[in-house]
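Here's a quick tour of a few spots worth finding in the viewer. Have the sequence and the model open side by side as you read.

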Amino acid sequence: MPNILPDPLESYLSGLLPDRDETLAEMESYAAENRVPIIGPLVGRLLHQTALLNGAKRVFEMGSAIGYSTVWLARAVGQDGKVYYTDGSHENADRARDYLERAGVAQRVEILVGDALELLDATEGQFDIVFNDVDKHDYPRVFDLALPRVRKGGLLITDNVLWSNRVLEPSEDVNTKAIQAYNQKANSAPEVWTTVIPIRDGVSISLKL
Ligand SMILES: C[S@@+](CC[C@H](N)C(=O)[O-])C[C@H]1O[C@@H](n2cnc3c(N)ncnc32)[C@H](O)[C@@H]1O
């Protein structure tokens, strides 16, 4: 996936990052070897920092794959926090369970397998953060479903909102159109204050007002 930032700048920023611990480093290697599209350490650190700033204790993640983004979030919510992991694949969930154990955060993560939008609907309560990384054609629906579930002062965070720059032109592609629609909603809805951070593939952060 091409970066939004010029490669030398992305490499420079990545080069500034401290080494990850053994588990995260292994997850990064596994993802690279098996073409699992994880957020990577730049966005992982952004998620972690955002959750710390927000004092997040209850996080719902939509599209968790092998649990890489889950680890960054789970480490931020602390021992008394909770992160809901969701993915449609049992195989991913089994792999994530193992990594989450090894990362020392399994106790604070609930693993749910199925459609993330349905699982959000079936899970009660408000969230400090909803992190959205599901299939892109669902993004506008995620905005409508997830926003009411974010507490005031909470965040709806969405990955891939610049979609390798494909959002720049009108498109007939269903995923591109859906991301464009998501960005329109997130930047015009009066209930949120949204900023897009153009690292990696673009991260949208909407503060619920
Ligand atoms: C981009 S990957 C997630 C990567 C993960 N957030 C990370 O950075 O470590 C997207 C994952 O979401 C899952 N997925 C996509 N749409 C979904 C849906 N509607 N419900 C549940 N899982 C979904 C896919 O199976 C895939 O594993």
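## A threonine and its partners

The side chain of Thr158 is in polar contact with the side chain of Asn132, at 3.2 Å. Keep in mind that this is a predicted model. A second polar contact, 2.7 Å this time, links the Thr158 side chain to that of Tyr182.

Where does Thr158 lie? You'll find Thr158 in strand E5, which covers residues 150-159. Is Thr158 buried or exposed? Its relative accessible area is 0%, so Thr158 counts as buried, the cut-off being under 20%. Leaving aside residues up to four places away in sequence, Thr158 touches Asn132, Tyr139, Tyr182, Gly202, Val203 and Ser204.

## Two helices side by side

Tyr139 and Tyr182, both touched by Thr158, turn up again where two helices meet. Helix H7 (residues 139-146) and helix H8 (residues 174-188) have axes that come within 7 Å and cross at roughly 30°. On the H7 side, the contact uses Tyr139, Pro140, Phe143 and Asp144. H8 brings in Ala178, Ile179, Ala181, Tyr182, Lys185 and Ala186. Sort the residues of this H7-H8 contact by type and you get eight nonpolar, two charged and no polar.

## A parallel strand pair

Now head to strand E2 (residues 82-87) and strand E3 (residues 109-113). These two run parallel and are joined by five bridges. For one of the partners, look at Tyr84, which is bridged to Glu110 in E3.

Helix H5, residues 90-102, joins E2 and E3 in a β-α-β unit, and that unit is right-handed.

Methods: Residues numbered from 1 in each chain as written. Predicted model: local features only at pLDDT ≥ 70, side-chain atom pairs only at ≥ 80, totals over all residues. Heavy atoms only, no water. Helix = DSSP H or I, 4+ residues; strand = E, 2+ residues; numbered from the N terminus. Buried < 20%, exposed > 50% of the residue type's maximum accessible area, 1.4 Å probe, protein only. Polar contact = N/O pair within 3.5 Å; in protein donor to acceptor, adjacent residues only side chain to side chain. Contact = heavy atoms within 4.5 Å. Pairing = 2+ DSSP bridges. Right-handed = clockwise from strand over helix to strand, strands pointing away. Axes fitted to C-alpha atoms, helices over the stretch in contact; angles between N-to-C directions. Nonpolar A, V, L, I, M, F, W, Y, C, P; charged D, E, K, R; others polar.
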